[in-house]
Amino acid sequence: MAIPKVILFYGFAPVADPVALRLWQYDLCELLGLTGRIIISEHGINGTLGGDIDDLKRYIRKTKAYPGFNKIDFKWSEGTGRDFPKLTVRVRDEVVSFGAPNELKVDERGVIGGGVHLSPTEVHDLVESRGDDVVFFDGRNAYEARVGKFRNAIIPDVETTRDFVAEFESGKYDHLKSKPIVTYCTGGIRCEVLSAVMKSRG
(Lines give C-alpha, C1' and ligand atoms only; values in the text may rest on other atoms or scores of the structure.)
Protein backbone atom coordinates (compact mmCIF):
# COMPACT_ATOMS: atom_id res chain seq x y z
CA MET A 1 0.00 0.00 0.00
CA ALA A 2 1.43 3.37 -1.06
CA ILE A 3 1.96 5.92 1.70
CA PRO A 4 2.40 9.43 0.25
CA LYS A 5 4.85 11.74 2.00
CA VAL A 6 6.69 15.02 1.38
CA ILE A 7 10.31 15.77 2.26
CA LEU A 8 11.91 19.19 2.68
CA PHE A 9 15.69 19.46 2.71
CA TYR A 10 18.78 21.52 2.02
CA GLY A 11 22.50 21.03 2.26
CA PHE A 12 25.50 23.32 1.86
CA ALA A 13 28.59 21.70 0.36
CA PRO A 14 30.87 22.42 -2.61
CA VAL A 15 29.39 21.19 -5.90
CA ALA A 16 32.11 21.01 -8.55
CA ASP A 17 29.70 20.40 -11.44
CA PRO A 18 26.15 21.64 -10.75
CA VAL A 19 24.95 20.63 -14.22
CA ALA A 20 26.08 17.02 -13.74
CA LEU A 21 24.44 16.95 -10.31
CA ARG A 22 21.23 18.31 -11.83
CA LEU A 23 21.15 15.54 -14.45
CA TRP A 24 21.77 12.85 -11.82
CA GLN A 25 19.13 14.24 -9.47
CA TYR A 26 16.56 14.50 -12.27
CA ASP A 27 17.19 10.93 -13.43
CA LEU A 28 17.06 9.64 -9.84
CA CYS A 29 13.75 11.38 -9.08
CA GLU A 30 12.23 10.32 -12.40
CA LEU A 31 13.25 6.70 -11.80
CA LEU A 32 11.61 6.79 -8.35
CA GLY A 33 8.48 8.58 -9.55
CA LEU A 34 9.04 11.66 -7.39
CA THR A 35 7.72 15.14 -8.12
CA GLY A 36 8.59 18.54 -6.69
CA ARG A 37 11.34 21.10 -7.02
CA ILE A 38 15.11 20.96 -6.54
CA ILE A 39 17.53 23.89 -6.85
CA ILE A 40 21.25 23.23 -7.23
CA SER A 41 24.16 25.67 -7.15
CA GLU A 42 27.89 25.48 -6.57
CA HIS A 43 27.01 25.95 -2.87
CA GLY A 44 24.73 22.92 -2.47
CA ILE A 45 21.14 21.74 -2.89
CA ASN A 46 17.65 22.80 -1.76
CA GLY A 47 14.53 20.78 -2.44
CA THR A 48 10.98 19.71 -1.71
CA LEU A 49 9.80 16.37 -3.07
CA GLY A 50 6.67 14.27 -2.86
CA GLY A 51 6.10 10.59 -3.47
CA ASP A 52 5.69 7.20 -1.86
CA ILE A 53 7.50 6.81 1.45
CA ASP A 54 9.65 3.90 0.23
CA ASP A 55 10.72 5.78 -2.90
CA LEU A 56 11.58 8.86 -0.83
CA LYS A 57 13.68 6.72 1.50
CA ARG A 58 15.57 5.38 -1.52
CA TYR A 59 16.10 8.93 -2.73
CA ILE A 60 17.49 9.97 0.66
CA ARG A 61 19.92 7.04 0.77
CA LYS A 62 21.25 7.84 -2.70
CA THR A 63 21.51 11.60 -2.09
CA LYS A 64 23.28 11.17 1.25
CA ALA A 65 25.97 9.21 -0.59
CA TYR A 66 26.96 12.35 -2.51
CA PRO A 67 30.10 13.98 -0.99
CA GLY A 68 29.09 16.61 1.55
CA PHE A 69 25.39 15.68 1.60
CA ASN A 70 25.61 13.00 4.29
CA LYS A 71 24.63 15.47 7.03
CA ILE A 72 21.46 16.73 5.33
CA ASP A 73 18.48 16.73 7.69
CA PHE A 74 15.44 15.58 5.69
CA LYS A 75 12.21 16.86 7.23
CA TRP A 76 9.10 14.74 6.67
CA SER A 77 5.46 15.75 6.40
CA GLU A 78 2.23 14.13 5.28
CA GLY A 79 1.51 14.00 1.56
CA THR A 80 -1.49 13.47 -0.67
CA GLY A 81 0.19 11.88 -3.66
CA ARG A 82 -0.74 14.97 -5.68
CA ASP A 83 1.34 17.58 -3.87
CA PHE A 84 3.37 18.69 -6.91
CA PRO A 85 2.21 18.61 -10.54
CA LYS A 86 5.64 17.86 -11.98
CA LEU A 87 9.37 17.53 -11.32
CA THR A 88 11.74 20.45 -11.87
CA VAL A 89 15.48 20.39 -11.16
CA ARG A 90 17.29 23.63 -11.92
CA VAL A 91 20.77 25.10 -11.59
CA ARG A 92 20.88 28.58 -10.06
CA ASP A 93 23.56 30.95 -8.76
CA GLU A 94 22.20 30.45 -5.23
CA VAL A 95 20.17 27.70 -3.54
CA VAL A 96 18.22 30.48 -1.79
CA SER A 97 18.11 33.84 -3.55
CA PHE A 98 19.75 36.57 -1.49
CA GLY A 99 21.29 38.20 -4.54
CA ALA A 100 24.78 37.74 -3.13
CA PRO A 101 26.18 34.51 -4.64
CA ASN A 102 29.79 35.69 -4.46
CA GLU A 103 29.57 36.31 -0.71
CA LEU A 104 28.66 32.77 0.30
CA LYS A 105 31.53 30.36 0.94
CA VAL A 106 31.03 26.70 1.78
CA ASP A 107 33.11 23.64 2.53
CA GLU A 108 32.23 20.02 3.32
CA ARG A 109 31.02 21.11 6.78
CA GLY A 110 28.61 23.73 5.43
CA VAL A 111 28.55 27.53 5.35
CA ILE A 112 31.85 29.20 6.23
CA GLY A 113 31.60 32.17 8.58
CA GLY A 114 27.95 31.71 9.47
CA GLY A 115 26.26 31.67 12.83
CA VAL A 116 26.29 28.95 15.48
CA HIS A 117 23.38 26.51 15.53
CA LEU A 118 21.54 26.69 18.85
CA SER A 119 19.18 24.13 20.34
CA PRO A 120 15.98 25.38 22.04
CA THR A 121 17.68 24.79 25.40
CA GLU A 122 20.71 26.84 24.35
CA VAL A 123 18.45 29.69 23.20
CA HIS A 124 16.66 29.58 26.56
CA ASP A 125 19.98 29.65 28.43
CA LEU A 126 21.18 32.59 26.31
CA VAL A 127 18.06 34.59 27.12
CA GLU A 128 18.37 33.65 30.81
CA SER A 129 21.96 34.90 30.95
CA ARG A 130 21.75 37.95 28.66
CA GLY A 131 18.11 38.99 29.11
CA ASP A 132 16.89 41.86 26.94
CA ASP A 133 20.31 42.10 25.28
CA VAL A 134 19.34 39.13 23.10
CA VAL A 135 17.88 40.22 19.76
CA PHE A 136 15.58 37.92 17.78
CA PHE A 137 15.84 38.71 14.08
CA ASP A 138 13.22 37.38 11.66
CA GLY A 139 14.76 35.87 8.53
CA ARG A 140 11.46 35.29 6.74
CA ASN A 141 9.51 37.43 4.28
CA ALA A 142 6.87 39.99 5.22
CA TYR A 143 3.92 37.62 4.76
CA GLU A 144 5.41 34.93 7.01
CA ALA A 145 6.27 37.49 9.68
CA ARG A 146 2.64 38.62 9.81
CA VAL A 147 1.53 35.06 10.55
CA GLY A 148 3.52 34.91 13.78
CA LYS A 149 6.82 35.91 15.37
CA PHE A 150 8.88 35.88 18.56
CA ARG A 151 7.96 38.56 21.08
CA ASN A 152 9.85 41.82 20.42
CA ALA A 153 11.54 40.30 17.37
CA ILE A 154 12.93 42.63 14.73
CA ILE A 155 10.97 42.34 11.51
CA PRO A 156 13.09 43.72 8.65
CA ASP A 157 11.42 45.72 5.90
CA VAL A 158 11.70 43.04 3.20
CA GLU A 159 9.27 41.42 0.80
CA THR A 160 11.69 38.72 -0.40
CA THR A 161 15.09 37.36 0.63
CA ARG A 162 16.70 39.43 -2.14
CA ASP A 163 15.88 42.57 -0.12
CA PHE A 164 18.02 41.62 2.90
CA VAL A 165 21.41 42.79 1.61
CA ALA A 166 20.16 46.32 0.87
CA GLU A 167 18.37 46.34 4.23
CA PHE A 168 21.62 45.57 6.08
CA GLU A 169 23.62 48.05 4.04
CA SER A 170 21.16 50.82 4.91
CA GLY A 171 22.82 51.04 8.34
CA LYS A 172 19.55 50.81 10.27
CA TYR A 173 20.76 47.77 12.24
CA ASP A 174 24.30 48.95 12.99
CA HIS A 175 23.35 49.58 16.63
CA LEU A 176 22.84 45.82 17.08
CA LYS A 177 26.39 44.82 16.20
CA SER A 178 27.48 44.43 19.83
CA LYS A 179 24.45 42.34 20.81
CA PRO A 180 23.84 38.58 20.59
CA ILE A 181 21.49 38.05 17.64
CA VAL A 182 19.35 34.96 17.16
CA THR A 183 18.05 34.60 13.61
CA TYR A 184 15.10 32.36 12.81
CA CYS A 185 13.19 31.32 9.69
CA THR A 186 10.99 28.43 8.58
CA GLY A 187 13.27 25.63 7.46
CA GLY A 188 16.72 26.89 8.46
CA ILE A 189 18.24 27.52 5.04
CA ARG A 190 17.64 31.27 5.03
CA CYS A 191 19.23 31.66 8.47
CA GLU A 192 22.33 29.80 7.28
CA VAL A 193 22.91 32.41 4.58
CA LEU A 194 21.49 35.34 6.56
CA SER A 195 23.88 34.83 9.48
CA ALA A 196 26.88 34.73 7.12
CA VAL A 197 25.72 37.91 5.35
CA MET A 198 25.23 39.63 8.72
CA LYS A 199 28.60 38.54 10.12
CA SER A 200 30.43 39.68 7.00
CA ARG A 201 29.05 43.16 7.74
CA GLY A 202 30.13 43.14 11.37
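Student: Leaving aside its neighbours within four places in sequence, which residues is S41 in contact with?

Tutor: A list of such contacts tells you what a residue meets through the fold rather than through the chain. In this model, which is predicted, S41 is in contact with V15, P18, R92, D93, E94 and V95, once its neighbours within four places in sequence are left aside. S41 itself is found in strand β2, which spans residues 35-41.

Student: Is S41 buried or exposed?

Tutor: Relative accessibility is the value to read here, and a residue is called buried when that value is under 20%. S41 has 0% relative accessibility and therefore counts as buried.

Student: What lies 2.9 Å from the backbone nitrogen of H43?

Tutor: A polar atom of the side chain of S41 lies at that distance from the backbone nitrogen of H43. A comparable reading can be made for D107, where a polar atom of the side chain lies 2.8 Å from the backbone nitrogen of R109.

Student: Where does D107 lie, and which residues is D107 in contact with beyond its neighbours within four places in sequence?

Tutor: D107 lies in strand β6, which covers residues 106-107, and with those neighbours left aside D107 is in contact with F12, A13, P14 and I112. D107 counts as buried because its relative accessibility is 15%, a value under the 20% limit for that word.

Student: How should I read a C-alpha separation, for instance the one between L34 and G51?

Tutor: Set the distance in space beside the number of places along the chain, and the two together describe how the backbone is arranged. L34 and G51 are 17 residues apart along the chain, while their C-alpha atoms are separated by 5.0 Å. For S41 and I72, which are 31 residues apart along the chain, the C-alpha separation is 16 Å.

Student: What surrounds L34, if its neighbours within four places in sequence are left aside?

Tutor: L34 is in contact with C29, L49, G50, G51, D55, L56, Y59 and L87 on that basis. The residue is found in the loop between α1 (18-32) and β2, and L34 counts as buried because its relative accessibility is 3%.

Student: Which residues in the loop between α4 and α5 can I look at in the same way?

Tutor: T161 is found in that loop, and N152 also has its place there, between α4 (142-147) and α5 (164-169). T161 is buried, with a relative accessible area of 13%, whereas N152, at 68% relative accessibility, counts as exposed. Beyond its neighbours within four places in sequence, T161 is in contact with S97, F98 and R190. The C-alpha atoms of T161 and N141 are separated by 6.7 Å, although these residues are 20 places apart along the chain.

Student: What is there to note about the phi of N152?

Tutor: Most residues other than glycine have a negative phi. The phi of N152 is near 65°, a positive value in a residue other than glycine.

Student: Moving to the whole chain, what does the domain assignment give?

Tutor: The assignment gives domain 1 (4-95) and domain 2 (111-201). Their C-alpha centres lie 27 Å apart, and the contact takes 6 residues from domain 1 and 7 residues from domain 2.

Student: Why is the largest pocket said to lie between the domains?

Tutor: The way to decide is to ask which parts of the chain supply the lining. Domain 1 and domain 2 both give residues to the lining of the largest pocket, so the pocket lies between them. Its volume is about 1,400 Å³, and 45 residues line it, with G115, V116, T183, C191 and S195 lying nearest its centre. The largest share of this lining, 5 residues, comes from α6. By class, the lining has 22 nonpolar, 12 polar and 11 charged residues.

Student: How many residues line the second largest pocket, and which are the closest to its centre?

Tutor: The second largest pocket holds about 400 Å³ of space. It is lined by 19 residues, of which R37, N46, V95, V96 and I189 are the closest to its centre. The elements β1, β2, β3 (44-52) and α6 each supply at least two residues of this lining, and each of the two domains supplies at least three. The class count for this lining is 7 nonpolar, 6 polar and 6 charged residues.

Methods. Residues numbered from 1 in each chain as written. Predicted model: local features only at pLDDT ≥ 70, side-chain atom pairs only at ≥ 80, totals over all residues. Heavy atoms only, no water. Helix = DSSP H or I, 4+ residues; strand = E, 2+ residues; numbered from the N terminus. Buried < 20%, exposed > 50% of the residue type's maximum accessible area, 1.4 Å probe, protein only. Polar contact = N/O pair within 3.5 Å; in protein donor to acceptor, adjacent residues only side chain to side chain. Contact = heavy atoms within 4.5 Å. 1 Å grid on protein atoms, 1.4 Å probe; cavity = no way out; pocket = protein on both sides within 12 Å on 5 of 7 lines; lining within 4 Å. Points joined across faces, edges and corners; volume = space filled by probe spheres on them. Nonpolar A, V, L, I, M, F, W, Y, C, P; charged D, E, K, R; others polar. Domains from an automatic or database assignment.
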